[in-house]
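Student: Mind going through this model with me? I'd like to work from the backbone out to the side chains.

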Amino acid sequence: MHTHGLHVSPESPADNVCMKIKPGESYTYEYDIPKDQPPGLYWYHPHKHGSVAIQVGSGMAGALIVRDEFDDELEAMGVKEHILVFQNIAVDEHGKVEDQHQVAKFPDSEYCITVNGQYCPIIHATVGELLNLRLLNATTRTSIDIDCPWFAQMYIYGFDGNPTDDYRLQDGVSLGPANRASLFLKISEAATPGAHFYIYNNAIEFQQMPHYKYHNNSPLFVIAIAQGEEIGTAIYAPSKPPARCAPPPFPSSFKVDLLKPITDDEITNTRRLTFQANTLDDPQKYYRGLNVSIDHSPFEGCEVVNHYVELDAVEEWTLVNESEFPHPIHIHVNPYYVIEVVGEDPMHHTLKLPFWCDTFQVPPHGHVKFRTRFKDFTGKYPLHCHLLYHEDGGMMQHVRVVKDTSEIPK
């Protein structure tokens, strides 16, 4: 199991994703969460290499929230929290998920995105109300791009569990696979009492899949505005003012040391990684003939280390995408600070640079540059594409953080 985004040890009994728990066996994980863990939305999912897509595609995932006093403040204000976990369960005609080829072939069921296991659930709100939404893209490979409804304002205050530097007033939110966002949605007085507003995924035009299956783009969820009191024939007005109408002051507790901006003079090393698809020699090796690799080599197993890093190093990495479609690249343990993106953004509402995340989509034939601090924890952990059938197919490498350079093999 992987606690995606948490700043915890990658060694047993914590977030060691090279563990293999066989059928009938059990194991108790222990996560020592540091005091400066950024409060926000995280998640958990299985990480058995070769089976990640099929297990997450079966629904094996869930949300984790690290809370602080700001959550208590919101609750005291009467702000309602809604946790929305987006999934696309890749079942066959018998309702089962049985092999990787099934997950990789985009079954019809995958095009119906569920929210908390439901089809198109309803969020009830009132005119003027402030909603606290926690959005988790737990799909195996589907991007989610949501416009801010015309009757609302959107204030993002966290991305991938990492608090933003301040409220970011956005006209929508973009979530690649594995991304999360915490945001306030302020329902304005322009919302029609008694109306139902359907929220759709606008990312379908960027999905590398047959578009004909999207002839009926199902809504993700509905925001239903309370009808209120009748003041005329079929005319309604809110019955009472909402508990909270505007975001509270941005909390000082969100300013954690782990997320301080990384300046030029902090950098101790640079690295460049390249990502390929369909570049290997054996077209039958992976699913549907799609071969994927990092630096022209597929994943070589849990015992292989591709990058050694000294504890407390601060590095700048450039990720180069040499393929035709975006790759959402996730790194375990430490968040990273995106400072440069070159290439056509496949999404509409990417946050303005710079910002912290743990997964970012590298544009087709483009690159992403980020900086990260290797703090607190030694041990081995992966970086990989979060198009999960790519990770299973070999688009993964290992990083090992060591206490000093004497531990690095010659």
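Student: Where is Val 333 placed, and what is its phi?
Tutor: Keep in mind that this is a predicted model. Val 333 is in the loop between strand S21 (327-331) and S22. Although Val 333 is not a glycine, its phi is positive, at about 75 degrees.

Student: Is Val 333 buried or exposed?
Tutor: The cut-off for buried is under 20% relative accessible area. Val 333 comes in at 5%, so it counts as buried.

Student: What about Asp 295: which loop holds it, what is its phi, and how accessible is it?
Tutor: Asp 295 sits in the loop between S18 and S19. Its phi is positive too, about 50 degrees, and it's not a glycine either. With a relative accessible area of 33%, Asp 295 is partly exposed.

Student: Where do I find cis peptide bonds leading into Pro 13 and Pro 354?
Tutor: One runs from Ser 12 to Pro 13, with omega near 10 degrees, and Pro 13 lies in the loop between S1 and S2. For the other, look in the loop between strand S22 (336-342) and strand S23 (355-357), where Pro 354 has its place. That cis bond goes from Leu 353 to Pro 354, with omega near -5 degrees.

Student: Which cysteines does the disulfide join?
Tutor: The structure holds one disulfide. Its S to S distance is 2.3 Å, which falls within the 2.5 Å cut-off. The cysteines joined are Cys 18 and Cys 302.

Student: How far apart along the chain are those two, and where do they sit?
Tutor: Cys 18 is in the loop between strand S1 (2-4) and strand S2 (40-45). Cys 302 is in the loop between strand S18 (292-294) and strand S19 (307-310). The link therefore connects distant parts of the chain, 284 residues apart.

Student: And what is the handedness of that link?
Tutor: Look at the torsion about the S-S bond, which is -95 degrees. The link of Cys 18 and Cys 302 is left-handed.

Student: On to H2. Which of its residues are buried, and how are they arranged around the axis?
Tutor: Helix H2 covers residues 69-77, and its buried residues are Phe 70, Asp 71, Leu 74 and Met 77. They cover an arc of only 120 degrees around the axis, which puts them on the same side of H2.

Student: What does the other face of H2 carry, and what does the buried side pack against?
Tutor: The buried residues of H2 pack against several strands, among them strand S3 (62-66), strand S4 (80-87) and strand S7 (130-137). The face turned away from that side carries exposed residues: Glu 69, Asp 72, Glu 75 and Ala 76.

Student: Which residue caps the N-terminal end of H2, and what comes just after the helix?
Tutor: Just after H2 there's Gly 78, with a positive phi of about 85 degrees. At the N-terminal end, a side-chain oxygen lies 3.0 Å from the backbone nitrogen of Phe 70, and the capping residue it belongs to is Asp 68.

Student: Phe 70 makes me think of aromatics. Which residues share its aromatic cluster?
Tutor: The cluster includes Tyr 157 and Phe 254, which form a stacked pair: 6.2 Å centre to centre and 20 degrees between the planes. That pair links distant parts of the chain, 97 residues apart. Along with Phe 70, the cluster is made up of Tyr 155, Tyr 157, Tyr 167, Phe 184, Phe 250 and Phe 254.

Student: How are the rings of Trp 150 and Phe 151 oriented?
Tutor: Trp 150 is exposed at 59% relative accessible area, whereas Phe 151 is buried at 1%. Their ring centres are 5.7 Å apart and their planes meet at 85 degrees, so the pair is edge-to-face.

Student: Last one: which residue comes within 7.2 Å of Leu 319, C-alpha to C-alpha?
Tutor: Leu 319 belongs to strand S20 (residues 314-321) and counts as buried at 2% relative accessibility. Its contacts beyond four places in sequence include Leu 273, Phe 275 and Val 362. The C-alpha separation of 7.2 Å, across 43 residues of chain, is to Val 362.

Technical notes
Residues are numbered from 1 along each chain as its sequence is written. This is a predicted model: local features need pLDDT of at least 70, side-chain atom pairs count only at pLDDT 80 or more; totals for chains, interfaces and linings use all residues. Side-chain values use heavy atoms; hydrogens and water are left out. Rings of Phe, Tyr and Trp (its six-membered ring) pair if their centres lie within 6.5 Å; planes under 30 degrees apart count as stacked, over 60 as edge-to-face and the rest as tilted. Buried means under 20% relative accessible area, exposed over 50%, partly exposed in between (1.4 Å probe, protein chains only). Helices (H or I, at least four residues) and strands (E, at least two) are DSSP runs, numbered from the N terminus. The arc is that of the directions from the helix axis to the C-beta atoms. Contact means heavy atoms within 4.5 Å. A polar contact is a pair of N or O atoms within 3.5 Å; within protein, one must be able to donate a hydrogen and the other to accept it, and residues adjacent in sequence count only if both atoms are side-chain atoms.
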